[in-house]
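Student: I should like to learn how to read a structure of this kind. Could we go through it one feature at a time?

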There are 2 protein chains.
Amino acid sequence: MKIGLDIMGGDFAPDATIEGAVDCLARLSDGETLILIGNEAAVLDKLHELRVDPSRFVIVHADGVIEMGDHPARAFAQKKNSSISVGYQMLMQGTLDGFCSAGNTGAMLVGASYTVNIIPGVFRPALVTILPCIDGRNSVILDVGINPDCKPDVLMQYGILGSLYARFVLGIDNPSVGLLNIGEEESKGTAAVKAAYELMKEHPGLNFCGNVEGNILFLDIMPDVVVCDGFVGNIVLKQAEAFYTIFKSRGFTDPFLDRLDFENIGGTPIIGINANVVIGHGISKRKAIMNMILQTRDVVHADLAQKILEAI
Amino acid sequence: MKIGLDIMGGDFAPDATIEGAVDCLARLSDGETLILIGNEAAVLDKLHELRVDPSRFVIVHADGVIEMGDHPARAFAQKKNSSISVGYQMLMQGTLDGFCSAGNTGAMLVGASYTVNIIPGVFRPALVTILPCIDGRNSVILDVGINPDCKPDVLMQYGILGSLYARFVLGIDNPSVGLLNIGEEESKGTAAVKAAYELMKEHPGLNFCGNVEGNILFLDIMPDVVVCDGFVGNIVLKQAEAFYTIFKSRGFTDPFLDRLDFENIGGTPIIGINANVVIGHGISKRKAIMNMILQTRDVVHADLAQKILEAI
C-alpha cells in the first residue's frame, strides 16, 4: 500500500509534516509505504536533522505549494507542480492508494472533483468526521463542510455513505443512522430535512432511527451515524472545538476530552470520490499529521471507494 | 408590574412552578406582583404545604391545561380556559406586563401570533437566548428555534433584534454582531447566509463584525450577538446542553459550567411580538422557574417590545 503525504500542506509544514511522517514509521506494517510529496531538499535536510534514513520513505519532488490563502480552483489549475496537484496526479495514475494533506482544503476538494471524480451514482461527496461518544464508541457525522445547502436526496444518501464508512472503516455492524433535527417529530425542521426524513424512513438499506436533536451528540444515545448538511455539521464540529479549548484551558483532564482533541483523530476523509483522500486541519502539528496518515491507511484498508461503488 | 406565570406548564408542574414562584418572592421589588395562572385549588394546597400566605400572589383560576403532547394550534384554539390561553388573554387586555411558561412551546408561539401579534415591521419573531462566554460576558444568539428556514432579510433583522436585546436587557453599549458561518470569508455559507452577509455589512444600524465560525462560541472573542437561523441556533443550544451533561457527569465543577446550566439562565424570550413573553424549558424545576420569572421581569423592565417598535 502506498500512502501519499503532502509535506508542504499545513501551517507548520514542512517541519511538522515530516516529523509526523517519521512518527508513523513504527506504526506502519510491511508493505505500507509512505510517499513524501514536496520539496525534496527540505525533506532530506529535515530527515538528516532527525537522523532518519531517507530510504525508509519514497520522496517525490514537487516544486510548488498551494498556499492557504490561494484561490483553490485557480491555484489547482495553475500550480501543476504543487504538492497537492502532484498527489492527485499520482492518485489518478494509480501510483498512490491514498493521499492526505493538511493544506488548502478548497484546493483538496477542487483536486478531487477535477481529477479522480465523483463515484457514479453519488450525488455529492461529503466530508465525514468521527465524533467520540462518552461511552467509548465512535460515531460519525457528515457532511461537515462541503455542501452547506443540501437537497433531501443528498441528505438521504449521506445516510448510506455514512453507514458504509461506519461499517467498513470503524467496523460497526448495521450502524444506526439519525437525522440531526430540532425535534424528534416528523414535522420538525427545514423543508429539506423534513423531505429527507420521508426518504430515509422508507429506505430499506438504512437502519434509520429517526430525528435526533443536538443534545444527544457525544452521548451514549448518539446513533452511529448522524446526518446533516455541511453548514450544520461544520458548526457542530467547531463548537466541539470551542468546548475542547475551554475545558482544556480550565485544566480539566479526562479521557473523553482527549478523544475530542482533533490531534488524536487525524483528519476528515472526503467520501464519495473515486479515491481515498483525507484532509487534515491546517493547524496540524506532528501528532495530528501522524494520525491523519494512519487514518488514510485505515480508509485504504477498508477499500471504501470500491465499497461505495458497489453499494450505490 | 404584573408578571404572569403559567403554573400548569412544564414536566414538574404545578409543584415546581409554585415552588419557583415562592422562591421569587424575596427577589421581587415593591410593585412587582406575581400572578399565578392555573388550577386555584392546586395553588392553595401547595402554598398551604409551603406555609406561604396566598395573599402574596394574585391567583387567577384557569380550568384547562395544554399538555406537552397536544397539537399547539388546535389546543390553543380549543382550550380557551387553559392557563396559556388565559395568560395571553390577560396580556391582550393589558392586565399582565409579562407572561412566562415552561409549557408547550408550540402553543406559546401560536398564542403569540394569534393574540398579541408581531410588532409592525418585524418580519419574523425569534427565540433569543443567552450564551455565557468564558470571560464572564453574556452573549445572545438568535434564532434558536422558531424559524428553521430563514430568508436573508430575516437574518439581517435578527441582527437588529439581537442588538436591541443585548443593549436594553443586558446593558451592552453598541453590541457587536456576528453572522454564524462556516468560514470568515464573504463567499462562505448557504445562499441565504451569503445574501444576509451582504445586507448586514451595508446596514448602518448594525455594529457588524462579519462572519464568525462555530469555534468562537462561548469564547472571549465571541461577539455580543450571534445571528443564525432557528435550525442552527437550536443545534448550538442543545449541543451546549450535551456538553454540560457530559462534564457535569464527570464531576467537573467550574463557574463557567454553572453559567451553562439552563436552570441558571431561566428561559428564552420571544422577541418581535407586541408583548413580553418568556418560554421555559419543559424540564424546568424550581430554580429554573424562578430564573424564568426573574428574566421575564428584566424583559418587562427593558420595555423591549416598545424599543423594538421604535427602532424597526
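Tutor: Certainly. Let us begin with helix α4 (residues 83-93) of chain A in this predicted model. Of its 11 residues, 8 are buried, so α4(A) is largely enclosed by the rest of the structure.

Student: Which residues of α4(A) are buried?

Tutor: A general idea helps here: an α-helix has 3.6 residues a turn, so residues three or four places apart point the same way. In the present case, the buried residues of α4(A) are Ser83(A), Ile84(A), Ser85(A), Val86(A), Gly87(A), Tyr88(A), Met90(A) and Leu91(A).

Student: What covers the buried residues of α4(A)?

Tutor: The cover includes the strands β1 (2-6), β2 (33-38), β3 and β4 (98-101), together with the helices α3 and α5, of chain A. Just after α4(A) comes Gly94(A), which takes a positive phi of about 80°.

Student: How does one judge whether a single residue is buried or exposed? Let us take Gly69(A).

Tutor: One counts the other C-beta atoms within 10 Å: 20 or more make a residue buried, and 12 or fewer make it exposed. Gly69(A) has 7 such atoms and is therefore exposed. Its place is the loop between β3 (58-61) and α3 (72-78) of chain A. The C-alpha atoms of Gly69(A) and Met292(A) are 22 Å apart, with their positions 223 residues apart along the chain.

Student: And is Gln239(A) buried or exposed?

Tutor: Gln239(A) is buried, because 24 other C-beta atoms lie within 10 Å. This residue belongs to helix α8 (residues 230-249) of chain A. Its C-alpha atom lies 30 Å from that of Phe76(A), a residue 163 places away along the chain.

Student: Which residues are in contact with Gln239(A), leaving aside its neighbours within four places in sequence?

Tutor: They are Gly214(B), Leu217(B), Val236(B) and Gln239(B). These contacts bring us to the meeting of the two chains, where 33 residues of chain B are in contact with 33 residues of chain A. On the side of chain B that touches chain A, the largest share comes from helix α8 (residues 230-249) of chain B, with 13 residues. By type, the residues on that side are 19 nonpolar, 8 polar and 6 charged.

Student: How is chain B related to chain A?

Tutor: One looks for the rotation and shift that superpose one copy on the other. Here a rotation of 180°, with 0.0 Å of shift along its axis, places chain B on chain A with an RMSD of 0.0 Å. That is the relation of a two-fold axis. In chain B, the C-alpha nearest the axis belongs to Val232(B), at 3.1 Å. Of the interface residues of chain B, 100% are also interface residues in chain A, so the copies meet through the same surface.

Student: How should I read the strands, for example β10 of chain B?

Tutor: In a regular strand the side chains alternate between the two faces of the sheet. Strand β10 (residues 267-271) of chain B is mostly covered, since 5 of its 5 residues are buried. It runs antiparallel to strand β5 (residues 126-132) of chain B, and 2 bridges join them. In that pairing, Leu127(B) stands opposite Ile270(B).

Student: How many bridges does β10(B) form with β11(B)?

Tutor: There are 4 bridges between β10(B) and strand β11 (residues 277-280) of chain B, again in the antiparallel sense. Pro269(B) faces Val278(B) across this pair. The two strands form a hairpin with 5 residues between them, and Gly272(B) in the turn has a positive phi of about 105°.

Student: Into which domains is chain A divided?

Tutor: Domain 1 covers 1-117 + 272-285, and domain 2 covers 123-270. Their centres, taken over C-alpha atoms, are separated by 27 Å. Contacts link 11 residues of domain 1 of chain A to 12 residues of domain 2 of chain A. On the domain 1 side, β11(A) gives the largest share, 4 residues.

Student: Lastly, how compact is chain A as a whole?

Tutor: Chain A has 12 helices and 11 strands. Its radius of gyration is 19 Å, close to the 20 Å that the globule rule gives for 312 residues, so chain A is as compact as a globular protein of that length. Buried residues account for 56% of the 312 residues.

Conventions:
Residues numbered from 1 in each chain as written. Chains lettered and ligands numbered in written order. Predicted model: local features only at pLDDT ≥ 70, side-chain atom pairs only at ≥ 80, totals over all residues. Least-squares fit on C-alpha atoms with pLDDT ≥ 70 in both. Contact = placed C-beta atoms within 7 Å. Pairing = 2+ DSSP bridges. Nonpolar A, V, L, I, M, F, W, Y, C, P; charged D, E, K, R; others polar. Domains from an automatic or database assignment. Rg over C-alpha atoms; globule rule 2.2 N^0.38 Å.
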